[in-house]
Amino acid sequence: MENGLVIETKKLVKKFPVGKGEFIALNGIDLKIGKGEFAGLIGPSGSGKTTLLNIIGSLDMPSSGEAVVLDRPVSTLSSREAASLRKESIGFIFQSYNLLAVHTVFENVEFPLLLLNYNSADRRKMVNDALSWVGLSDKTRSKPPQLSGGECQRVAIARAMVKKPSLVLADEPTANLDAANSHNILTTMETLNRELGTTFLFATHDEKVISYLKRKIFLVDGRIDRDEVKQNQNGEK
Amino acid sequence: MIRFLLQGLLRDKSRSLLPVIVVTAGVMLTVWLHAYINGFMGDIIDTNARFSNGHLKVMSKAYADNMDEFPNDLALLDADSMTAVLGKEFPSVSWAQRIRFGGLLDAPDKNGETKAQGPVFGIGLDLLSPGSEEIERLNLKKSLRSGSLPREHFEALISDDFAKKLRVNPGDKVTLISSAMDGSVAIYNFVASGTVSFGSEVLDRGTIIADITDVREALNMPDASGEILGFFKGGYYDDELALSDAGSFNAVHKSAGEFAPVMRSLSQQGNMDQYVKLSSVYASYIAIIFMVAMSLVLWNAGLLGGLRRYGEIGLRLAMGEEKGHVYRTMLTESVVIGLTGSVTGTIIGLFFAWLLQKYGIDMSGIMKGTSIMIPSVVRAHITTPDFYLGFIPGLISTVTGTALSGIGIYKRQTARLFKELEV
């Protein structure tokens with residue numbers, strides 16, 4: 001990150017074919033997100049927030065313009081290079097947790113480290129650290145069906161954080177949780193953001209999430225409508 | 001990583017146990033059915049060979065032309081000399097003289113009046129010579145239901161069902177009324193030494209078996225035999241070899257006379273040709289059809305297995321696992337499942353085939369009235385292909401199904417993963 005930016009998009013456009021025409025999901029997005037930000041893409045359904053998250057997560061390619069993630073231009077990445085970027089540097093948190101039901105909490109969190117070929121001792125330490133961050137050290141041997149929704153999402157956070165990625169992308173992470181659990185999850189992520197310096201980018205329209213964001217990027221019809229940065233008590237951005 | 005995947009495989013019963021059970025069942029059925037078809041087809045050939053056709057048969061030309069009518073007036077003369085010649089020319093074949101005949105068997109009461117009688121099919125063979133292979137060949141000891149095997153001349157065996165119909169017990173006299181070699185009426189008394197049951201409806205319906213010297217005497221056929229049967233010492237009928245032997249014999253004995261000897265292979269007798277072809281082709285066809293059917297089932301199982309793990313695969317792709325790696329791990333899993341199921345299925349299939357080979361299933365109840373020589377006890381016959389045949393549907397189809405379903409991994413758009421993983 002030569003210029004301290006984790007994400008930078010320039011005139012980013014994404015079009016999808018619809019019948020004989022096309023639907024413009026993103027229409028000239030210019031965005032810069034720096035290291036350690038706790039930002040969210042906010043907007044109604046169809047505003048383009050998940051599409052933007054897909055391109056930033058190297059899961060999709062832009063139609064035109066550029067998206068540079070961790071100094072790597074997404075549009076030039078091969079499938080293998082994109083997978084490598086996700087594996088090494090990006091953590092994902094999904095709305096539906098997507099834990100592997102037959103594996104224990106420990107094994108679910110361990111999985112990204114297996115892909116990165118860490119040795120057994122390192123994996124054990126890193127998984128235990130990640131589980132302690134989310135307060136689930138006592139649940140290592142439990143399996144997802146034995147956990148509550150909130151606990152499952154905390155496991156998903158631990159899985160996203162265990163490799164200490166530079167960037168975590170979270171798509172509606174509290175959509176399936178009640179208010180108390182949502183608060184708990186968001187506090188956990190906020191703490192991790194503060195303590196580890198990990199950049200978090202959310203896609204959400206949930207007020208609970210929005211209230212925690214330090215930067216709110218409002219999307220309307222594929223364009224950035226507003227970009228608000230929360231000021232701290234000293235009036236600093 | 002391998003440990004992680006194995007743990008997932010072993011813990012997820014619908015990913016391991018269920019497919020292994022499906023593969024095992026499919027392979028077991030394939031192996032068992034192949035052994036059963038082999039046994040059933042082979043049994044029919046074997047039964048016909050032992051009782052009627054031999055692997056090779058030498059007759060006079062005229063007899064051969066009317067073989068189904070047992071024309072003993074056209075029998076081979078000087079049969080002992082011919083048998084000796086055959087023994088020299090074909091040392092790998094065991095030769096046995098036979099006389100087949102038809103007639104009427106009369107069972108008299110204590111006053112000598114007919115109490116019952118019925119049409120009979122008779123076989124004259126070597127029962128009394130020491131070292132005769134015929135008793136073993138016709139499995140007479142095990143087929144004995146009452147009394148004993150003939151130990152002296154004028155004794156005969158009668159099929160058990162027939163004896164019951166005639167109300168004949170071991171030790172009772174029976175009278176054979178038939179046609180002698182010279183065309184006159186032959187009437188000859190035998191003592192029923194015992195009753196036999198062969199497990200073949202045709203043979204058990206009405207058969208008398210006597211020593212060939214007694215039959216020669218009864219039918220006035222001194223040193224004559226209707227047929228000289230040859231049996232390969234290896235035990236199994238080899239059509240190619242039989243045709244070759246028959247061809248070479250007939251080339252040497254080219255005499256045009258109607259009493260000149262002629263050799264026929266089993267497949268050259270009656271409609272056995274069709275049956276021999278049928279048995280080899282039919283067994284293969286049935287095995288292939290069944291294998292294809294099982295392959296489709298197991299292919300489908302592999303396909304469904306891949307589709308069922310759509311969410312898990314999506315997650316792995318999103319987390320940065322390469323498509324090729326995901327594909328390879330799925331194929332490896334299917335190889336493990338296919339191998340486990342194939343080995344288990346083959347072992348179980350062979351076990352059931354062995355049970356069927358050893359004990360058989362008695363089908364006599366549904367074979368009453370049949371006119372062809374079908375063994376009423378159905379047995380399997382385990383052959384070498386049974387040890388590897390099941391791996392075709394078990395391993396190849398399972399892996400192919402997974403390989404096809406896995407192509408979806410490459411076609412999957414990562415751009416849709418967020419949406420797909422929301423569900």
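Biologist: What do Ile313(B), Arg316(B) and Leu317(B) in H12(B) meet in H13(B), and what makes this a contact?

Modeller: They meet Lys323(B), Val326(B), Thr329(B) and Met330(B) in H13(B), and the word contact is used because it means heavy atoms within 4.5 Å. By class, the contact of H12(B) with H13(B) has four nonpolar, one polar and two charged residues, where Ala, Val, Leu, Ile, Met, Phe, Trp, Tyr, Cys and Pro count as nonpolar, Asp, Glu, Lys and Arg as charged, and the others, Gly among them, as polar. This is a predicted model, in which local features need pLDDT of at least 70, side-chain atom pairs count only at pLDDT 80 or more, and totals for chains, interfaces and linings use all residues. Residues are numbered from 1 along each chain as its sequence is written, chains are lettered from A and ligands numbered from 1 in the order in which they are written, and side-chain values use heavy atoms, with hydrogens and water left out.

Biologist: How is the packing of helix H12 and helix H13 of chain B described?

Modeller: H12 (residues 310-318) and H13 (residues 323-359) of chain B, helices being DSSP runs (H or I, at least four residues) numbered from the N terminus, pack at about 145° with their axes 9 Å apart. The axes are lines fitted to C-alpha atoms over the stretch in contact, and angles run from 0 to 180 degrees between N-to-C directions.

Biologist: Why is the pair of Arg80(A) and Glu322(B) called a salt bridge?

Modeller: A salt bridge needs a side-chain nitrogen of Lys or Arg within 4 Å of a carboxyl oxygen of Asp or Glu, and the distance from N to O in this pair is 3.3 Å, so the name applies. The count between chain A and chain B is three salt bridges, while the structure holds 25 over all chains.

Biologist: How do you know that Asp129(A) and Lys125(A) form a salt bridge?

Modeller: Their closest N and O atoms are 3.0 Å apart, and both residues lie in helix H4 (residues 120-133) of chain A, four residues apart, about one turn of the helix.

Biologist: What makes up the contact between chain A and chain B, and how much area do the chains bury?

Modeller: The contact takes 30 residues from chain A and 24 residues from chain B. About 2700 Å² is buried between them, 63% of it on carbon and sulfur atoms, buried area being the accessible area (1.4 Å probe) that two parts lose on being put together, summed over both.

Key. Helices (H or I, at least four residues) and strands (E, at least two) are DSSP runs, numbered from the N terminus.
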